[in-house]
Structure formats: structure tokens, C-alpha cells
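Trainee: I would like to learn how to read a structure of this kind in an orderly way. Could you guide me through its main features?

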Amino acid sequence: MTNDEIRFGTDILKQADVLATFTEDAPRVTRTYCSKEHKLAGDYLIGLMRDAGMSAGYDAFGNIVGRYEAGVPFAPVVMTGSHQDSVRNAGKYDGLFGILSPIACVKELNRQGKRLPYTLEIVGFGDEEGVRFGVTLIGSKAMAGNFDPAWLEKKDANGVRMREAIAAFGGDPDAWQSLDRRNEGHGEVVAFVESHIEQGPTLLNENLALGVVTAIAGATRMTVRVTGLAGHAGTVPMNVRQDALAAASEMILFVERHCRENGSLVGTVGRIAALPGAINVIPQDVEFSVDVRSGDDLMRRSAIEAIQAEFSEIAKRRGVRVEANPYFELNAAPCDPDLQQQFADAIAAQGIPVRHLPSGAGHDAMEFPKVCPIAMLFVRCGNGGISHHPSETMTAEDADIATKALLHFFENYQPRAFVASAAQRVDRS
Ligand code: HGY
Ligand code: MN
Ligand code: MN
């Protein structure tokens with residue numbers, strides 16, 4: 001295909017290359033919330049939104065918000081978007097594709113002089129990964145009315161509180177309630193849709209470019225602290241040791257085994273620290289993270305109980321103390337069947353097969369079922385589907401066909417045709 005035939009895709013990959021230069025630790029890609037790199041990326045995205053014919057700027061939490069007003073007055077709002085921030089040593093497309101692709105759609109609509117029967121709001125959420133403050137989905141939680149103001153006191157690795165970081169960015173940390181999209185001031189939000197790379201191998205293995213997400217897995221995060229007794233590595237007999245790191249290792253292997261043996265569960269220990277951290281001293285204090293996910297909330301919760309019970313048994317047997325505290329939980333988020341069908345129609349209109357699949361990764365969309373029905377469009381990634389890694393990749397062809405499918409969805413979505421399946425809509429309590 002000529003570059004012109006896939007111009008959406010080639011433009012998006014070029015824009016992703018520019019955004020990748022806004023990083024805290026070049027040549028790796030790391031961009032955290034309210035950093036100067038967040039500002040550089042935000043300014044660039046605001047420029048793209050304005051060039052596409054949108055009004056655009058930052059909201060009180062540093063989220064990048066663009067609006068393409070409806071062609072009719074008092075129209076409802078469809079929201080779309082994804083996150084501008086990244087994990088450490090990230091790829092170039094996680095999150096960003098879900099901002100760049102809808103901007104390309106609006107640019108095309110604007111070029112044709114077309115308006116939609118609803119206002120399209122594109123959001124670049126300031127923080128979804130939670131790298132800086134340890135809590136995730138900050139922007140989408142605030143917009144969906146799920147933000148916990150106590151989070152404003154959370155400190156980053158340098159002791160900077162979230163409220164200070166937001167204020168230093170130019171935001172207003174105490175205006176968090178103004179972001180809530182359930183307040184009529186924002187217009188009636190009737191759908192939230194997100195395009196995102198799959199971050200897994202399913203579409204790649206089945207040679208499919210696009211997929212419709214059925215549900216987004218829920219997650220529990222725990223911090224686990226194991227306390228043993230330091231001692232001389234050469235003199236303490238093995239049968240009397242209280243080795244915190246050996247105990248933690250047995251606990252970590254239990255997480256892996258339990259999740260491997262129980263279908264829809266996945267469990268990860270991504271971070272560990274051991275003190276005093278000397279080669280010739282038996283470790284006394286260990287802290288590690290646990291991330292357990294499933295599309296089935298009951299299964300995930302019982303897994304956490306089983307893991308906590310096993311950790312206590314291991315600690316007792318090894319003469320160490322353990323504290324395993326879940327500090328963060330996200331419920332699984334089902335995608336609206338009616339919106340799923342409209343994405344399936346948009347994919348079929350590209351002349352390619354339609355595949356429905358769950359999302360093991362969390363996404364900003366999972367915060368919105370309290371506000372409106374949600375849906376997600378997945379795009380194939382290469383290199384075995386790897387993500388959260390610099391080898392993350394996608395082709396211009398796939399970026400292009402995903403954008404054409406998204407444009408088809410936007411052009412054919414009629415708010416009055418919007419039929420909320422009762423099970424999907426959570427009462428706006
Ligand atoms: O962790 C996740 O699933 C997402 O990438 N934040
Ligand atoms: Mn991610
Ligand atoms: Mn993401």
C-alpha cells in the first residue's frame with residue numbers, strides 16, 4: 001500500500017516517534033504524571049488537536065482535553081481517549097495510540113467539513129500507569145467521579161505530594177470534583193470508547209489487525225512486607241535461620257502456582273527490595289508487590305484470600321512475620337454489547353474478520369461504566385505482542401485500519417440510537 005493510502009497510520013507512527021522524545025531517561029521512554037515531559041507531550045497533543053479543528057487545553061488535573069463540537073445544539077457527548085503517561089522503559093504506543101487515532105479521525109472530519117450529531121471529547125489522561133504516586137487511573141477516576149481526595153496527599157519518591165505536583169504543573173488539585181463527567185456542566189456523556197494496542201499475542205497469532213474488547217479484567221495490588229532476622233551468612237546454621245528473602249521467594253512462587261492453576265487468573269510480582277542487601281548478611285526485611293487480575297471479580301478476591309492465607313502459613317513455618325495489605329482494587333469492567341456491535345460493524349466495514357476478546361490489561365475505559373456504557377477497539381502489536389517494553393511495536397497499516405474503523409464508528413454512532421443495556425449502566429447514584 002502507498003503511504004498515501006495509509007496516511008492516518010504513517011502520520012500516527014511519526015507523531016508517536018515525536019512523543020517518545022519527551023522522556024525522563026532517554027533513550028528509554030519514561031513519562032510520568034505532572035513531569036516536564038508530561039507538559040511537553042501535552043503541549044504537542046494540544047497542538048495536534050487544535051490543528052485538527054478542536055478546542056483544546058489542560059483541565060485542573062493536567063489531563064489534555066480536546067472537543068470537536070457537535071453540528072447541533074444541546075448535543076450529548078461521546079468521550080474517547082487514553083493515557084499520555086508511560087511505565088518505566090516503555091514502548092511508544094501504549095496509551096498514546098488511543099489519543100492520536102481519534103485526533104486523526106477529527107482531522108479528517110474537519111477536512112471534509114463534517115460535524116457529528118454529538119460532541120466528541122478526546123482526553124489524554126495525565127496518569128493511568130501510577131508510576132509516580134503508586135495509584136493508577138488518576139485522570140479517568142476523577143472524570144468518572146471515582147477519585148479519592150486522600151490520594152492528593154500521596155508522595156512520590158522525592159517526597160513531593162500529588163497536590164503539590166498538580167499545582168506546580170499549573171493545575172488545581174482541589175478542583176477534582178469539577179472534572180466529574182456526571183455533572184451536567186460537561187454535557188450528557190453517552191459513551192466512552194478507547195482504542196488501544198492489545199499488549200498481548202492473540203490478534204498477532206490469529207493474523208488479525210483489530211479486535212473488539214468484551215471486558216476489562218479487574219485487578220488487586222498488594223504490598224507485602226516480610227520481617228525475619230539478620231545474621232552472619234557464615235555462622236548461622238540453616239535450620240535456625242529467619243531468612244526474610246527465602247520466605248518471600250516461597251511466597252512469590254505460590255502466587256505464580258496459584259494463578260497458573262486457576263484459569264482466568266494472572267499474578268505478577270513486579271518489584272522487590274531486600275535489606276540490608278549485603279552479600280554476607282541474612283536478609284531481615286523484604287518488601288514486594290503483588291498484582292493479581294481476572295475478568296471474574298469473585299475469583300480474583302478469593303485468590304487474594306488464598307494468597308494471604310498461604311503467606312501466613314509460610315511465615316509461621318519459617319519464623320518470620322508477614323503483612324500483606326491490598327491497597328488498590330479495580331473491578332472488572334464489562335463492555336456494552338450495543339457498542340461492541342457497532343465496533344464489530346466498523347471492523348467488518350474494513351473487510352476484515354471480527355474477533356472479540358477480553359483485556360487482561362487495565363485501561364482508562366474501566367472507570368467509566370459508572371458514567372456511561374464503554375467499549376474498546378484493540379489493535380494488533382508485533383514482536384510477540386510485547387508491551388511495557390521498548391520492543392513494543394505496531395505497523396502503519398494496522399494503525400491506519402484501526403483509525404479507519406474508529407472513524408466509521410464515530411460517523412455511524414447515533415446518540416438517539418444509543419440503547420443502554422440495563423446490565424451495563426450502573427445507576428448514577
Ligand atoms: O497495568 C495495566 O494493566 C495498565 O497498563 N496500566
Ligand atoms: Mn500500560
Ligand atoms: Mn495503556
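Mentor: The discussion below takes up the domains, the metal sites and the salt bridges in turn. Please keep in mind that this is a predicted model.

Trainee: Into which domains is the protein divided?

Mentor: Domain 1 comprises two segments, 7–216 and 332–428, while domain 2 covers 218–330. Their C-alpha centres lie 34 Å apart.

Trainee: How should I describe the interface, and how many residues of each domain are in contact?

Mentor: One begins with the residues that touch, then turns to area and chemistry. Here 14 residues of domain 1 are in contact with 10 residues of domain 2. The area buried between domain 1 and domain 2 is about 740 Å², and carbon and sulfur atoms give 55% of it. On the side of domain 1 that touches domain 2, seven residues are nonpolar, four polar and three charged.

Trainee: How many salt bridges and how many residue pairs in polar contact are found between the domains?

Mentor: The count of salt bridges between domain 1 and domain 2 is zero. Two residue pairs are in polar contact across that interface, both at pLDDT 80 or more.

Trainee: Let us turn to the metals. Which residues are the protein donors of the manganese ion (ligand 2)?

Mentor: A metal site is read from its donor atoms and their positions along the chain. For the manganese ion (ligand 2), the protein donors are Asp94 (OD), Glu129 (OE) and His388 (NE2), at 2.0 to 2.2 Å. Their spacing in sequence is D-x34-E-x258-H. Glu129, in the loop between strand S4 (119–125) and helix H4 (138–143), is 259 residues apart from His388, in the loop between strand S14 (374–379) and helix H10 (396–412), and the pair links distant parts of the chain.

Trainee: Which residues are the protein donors of the manganese ion (ligand 3)?

Mentor: They are His83 (NE2), Asp94 (OD) and His196 (NE2), lying 2.1 to 2.3 Å from the manganese ion (ligand 3). The corresponding spacing is H-x10-D-x101-H. His83 belongs to strand S3 (residues 77–83) and His196 to strand S5 (residues 189–197); this pair, 113 residues apart, also links distant parts of the chain. Asp94 bridges the two manganese ions (ligand 3 and ligand 2), which lie 3.4 Å apart.

Trainee: Finally, how many salt bridges are counted by the rule?

Mentor: Side chains of opposite charge can pair when their charged atoms come close. In this model the count comes to 29 salt bridges. One of them joins Lys114 and Glu411, with the closest N and O atoms 2.7 Å apart. Lys114 lies in the loop between helix H3 (97–111) and S4, and Glu411 in helix H10, so the pair ties together parts that are 297 residues apart in sequence.

Definitions and conventions. Residues numbered from 1 in each chain as written. Chains lettered and ligands numbered in written order. Predicted model: local features only at pLDDT ≥ 70, side-chain atom pairs only at ≥ 80, totals over all residues. Heavy atoms only, no water. Domains from an automatic or database assignment. Contact = heavy atoms within 4.5 Å. Buried area = accessible area lost by both parts, 1.4 Å probe. Salt bridge = Lys/Arg side-chain N within 4 Å of Asp/Glu carboxyl O. Polar contact = N/O pair within 3.5 Å; in protein donor to acceptor, adjacent residues only side chain to side chain. Nonpolar A, V, L, I, M, F, W, Y, C, P; charged D, E, K, R; others polar. Donors = N, O, S within 2.8 Å, 3.2 Å for Na, K, Ca; no water. Helix = DSSP H or I, 4+ residues; strand = E, 2+ residues; numbered from the N terminus.
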